[in-house]
Amino acid sequence: QSQITYVMVDEYQDTNFIQERLVFLLAGERKNICVVGDDDQSVYGFRGVDPGHMLRFAEDHPGARILELPADYRSAPEIVEASGRLISHNQERAAKDIFAVRPYGEGKITLDIMEDEADEARAVAERIRSLASEGVSFGEIAVLCRTSPQFRPFLRAFGDRGIPCYCPEMRKKAEYGWIEEDLDVYLSLARSVRRGGPDGAAVDRKDLLYALRRPPKDLGAYGLLEDRVDLKKWAEGFRPGSVQRDRAMRFVRDLRILSGLDIDAGFLYLWNAMSYGRFMEECCLAADLPVPMMKKRAEKWKDEKKNGSGGKAAEERESADGEAVSLITMHASKGLEFKAVFVPTLNEGTMPHARAGNEKSVCEERRLMYVAATRARDRLFLSFVRKCHGHSPPPSRFLKEIFGNDLPEETAGLS
């Protein structure tokens with residue numbers, strides 16, 4: 001308090017109770033606080049966030065000056081007005097009269113009815129191809145899903161059609177970028193063995209534990225107590241004549257062979273002799289990911305290592321150049337904007353999510369849908385499916401709120 005004269009907070013609608021109290025304490029007796037936010041974009045209730053902080057700010061700070069910023073410079077009026085109709089169904093919110101600065105006629109909202117999620121993904125991919133032919137950059141297109149498991153059919157559809165895709169969340173969940181991480185670990189182990197020589201090879205414990213699981217060696221963490229592991233002592237520590245010892249000795253032998261090969265030969269040895277290729281295919285099948293695309297990523301990793309560049313860094317540079325479609329969750333889309341946005345599978349149980357069991361949760365889901373819709377500048381593509389995982393969930397109630405009576409006959413049963 002003695003050092004800070006002014007406190008300024010951005011995205012104030014995303015603060016929780018502790019953060020709110022911390023802001024007040026830092027401001028102290030001076031009470032020089034400026035916060036910026038939009039309660040309609042508060043979507044982190046699972047982190048303890050309460051949009052009521054925005055609504056109560058004037059009460060908590062008598063005499064506070066409220067400055068409204070109603071002009072929307074991003075989206076076409078068609079999108080601004082549809083989003084406004086949606087969010088107006090939340091009762092506990094600050095009243096706003098948001099208007100678009102751009103003229104009418106520059107925006108369009110499309111609603112499509114698909115048979116199932118695979119059909120939906122194929123249709124989205126074809127429409128993205130059409131947009132690209134019209135001159136829209138892939139980097140100006142996004143597909144926003146409620147949850148990350150929805151990514152899988154889109155990854156397959158994009159891979160089959162050669163559409164570049166940036167999907168950071170799948171990497172975080174070890175469903176998409178794990179192949180580069182696997183190969184990086186084996187490369188690190190091979191380099192450690194090469195530096196250690198024939199008898200004194202010591203490797204990083206975390207790398208060894210990781211490699212023992214990919215592919216699985218069924219050796220557990222036996223004897224792995226130190227940060228650096230002597231491979232020879234570790235393998236000889238298993239009971240003589242046991243299956244575990246034979247596996248450990250064979251793995252150490254493979255690492256020694258790998259350490260003596262160049263990147264091309266080493267890649268082939270890992271892929272075939274060490275059964276990594278078969279393991280990769282099993283992972284892809286389990287996660288419903290296209291095997292050819294993942295093989296292509298592995299080959300790209302190898303080529304980049306040969307050329308002295310890093311796979312992940314190169315990919316991030318590629319995505320930064322704006323030449324990949326963004327496949328992300330609605331939560332991850334906050335703060336971003338795109339020329340064209342697709343919001344798929346707008347069915348009850350998906351959006352709003354099945355876990356939204358009370359009105360408060362449904363209001364947060366509606367705010368999340370509002371965030372997704374307002375990411376679009378020109379084109380907003382919405383869709384729902386007739387069948388999803390063997391069921392026939394009705395279209396999302398949010399579609400009725402967005403379109404009103406201008407809905408296809410198939411949505412007539414919406415309440």
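## Asp14 and Lys334

Asp14 is buried in this predicted model, at 17% relative accessibility, where buried means under 20% relative accessible area, exposed over 50% and partly exposed in between, with a 1.4 Å probe and protein chains only. Lys334 is also buried, at 16% relative accessibility. The two side chains form a salt bridge with an N to O distance of 2.7 Å. Asp14 sits in the loop between β1 (7-9) and α1 (17-27) and Lys334 in the loop between β10 (325-329) and β11 (338-343), so the salt bridge ties together parts that are 320 residues apart in sequence. Helices (H or I, at least four residues) and strands (E, at least two) are DSSP runs, numbered from the N terminus.

Residues are numbered from 1 along each chain as its sequence is written. Because the model is predicted, local features need pLDDT of at least 70 and side-chain atom pairs count only at pLDDT 80 or more, while totals for chains, interfaces and linings use all residues; side-chain values use heavy atoms, with hydrogens and water left out.

## Other salt bridges

Side chains of opposite charge can pair when their charged atoms come close. A salt bridge here is a side-chain nitrogen of Lys or Arg within 4 Å of a carboxyl oxygen of Asp or Glu. The count by this rule is 29 salt bridges.

Asp378 and Arg102 pair at 2.6 Å, N to O. Asp378 belongs to strand β12 (residues 376-385) and Arg102 to the loop between β4 (99-100) and β5 (108-114), so this salt bridge links parts 276 residues apart in sequence. Asp378 and Arg102 are both buried. Asp50 and Arg56 also form a salt bridge, with their closest N and O atoms 3.6 Å apart. Asp50 is partly exposed at a relative accessible area of 28%, and Arg56 is partly exposed at 32% relative accessibility. A network of salt bridges links Asp38, Asp39, Asp40, Arg93 and Lys96.

## Helices α5 and α6

Helix α5 (residues 117-133) and helix α6 (residues 151-161) have axes that come within 8 Å and cross at roughly 45 degrees. Axes are lines fitted to C-alpha atoms, for helices over the stretch in contact, and angles run from 0 to 180 degrees between N-to-C directions. The two helices are therefore oblique to each other; angles under 35 degrees count as roughly parallel, over 145 as roughly antiparallel, 65 to 115 as roughly perpendicular and the rest as oblique.

The crossing of α5 and α6 is right-handed, meaning that the near helix is turned clockwise from the far one by less than a right angle (anticlockwise would be left-handed). Contact means heavy atoms within 4.5 Å. Residues making the contact include Ala118, Ala121 and Val124 of α5 and Pro153, Phe154 and Phe158 of α6. By class, the contact residues are nine nonpolar, no polar and six charged. Ala, Val, Leu, Ile, Met, Phe, Trp, Tyr, Cys and Pro count as nonpolar, Asp, Glu, Lys and Arg as charged, and the others, Gly among them, as polar.

## Helices α8 and α12

Helix α8 (residues 178-196) packs on helix α12 (residues 263-273) at an angle of about 110 degrees, with the axes 12 Å apart. The helices α8 and α12 are therefore roughly perpendicular, and their crossing is right-handed. Ile179, Leu183, Tyr186 and Leu187 of α8 meet Ile263, Phe267, Leu270 and Trp271 of α12. This contact has eight nonpolar, no polar and no charged residues.

## Ala27

Ala27 lies in helix α1 and is buried at 5% relative accessibility. Not counting residues up to four places away in sequence, Ala27 touches Val7, Asn32 and Ile33.
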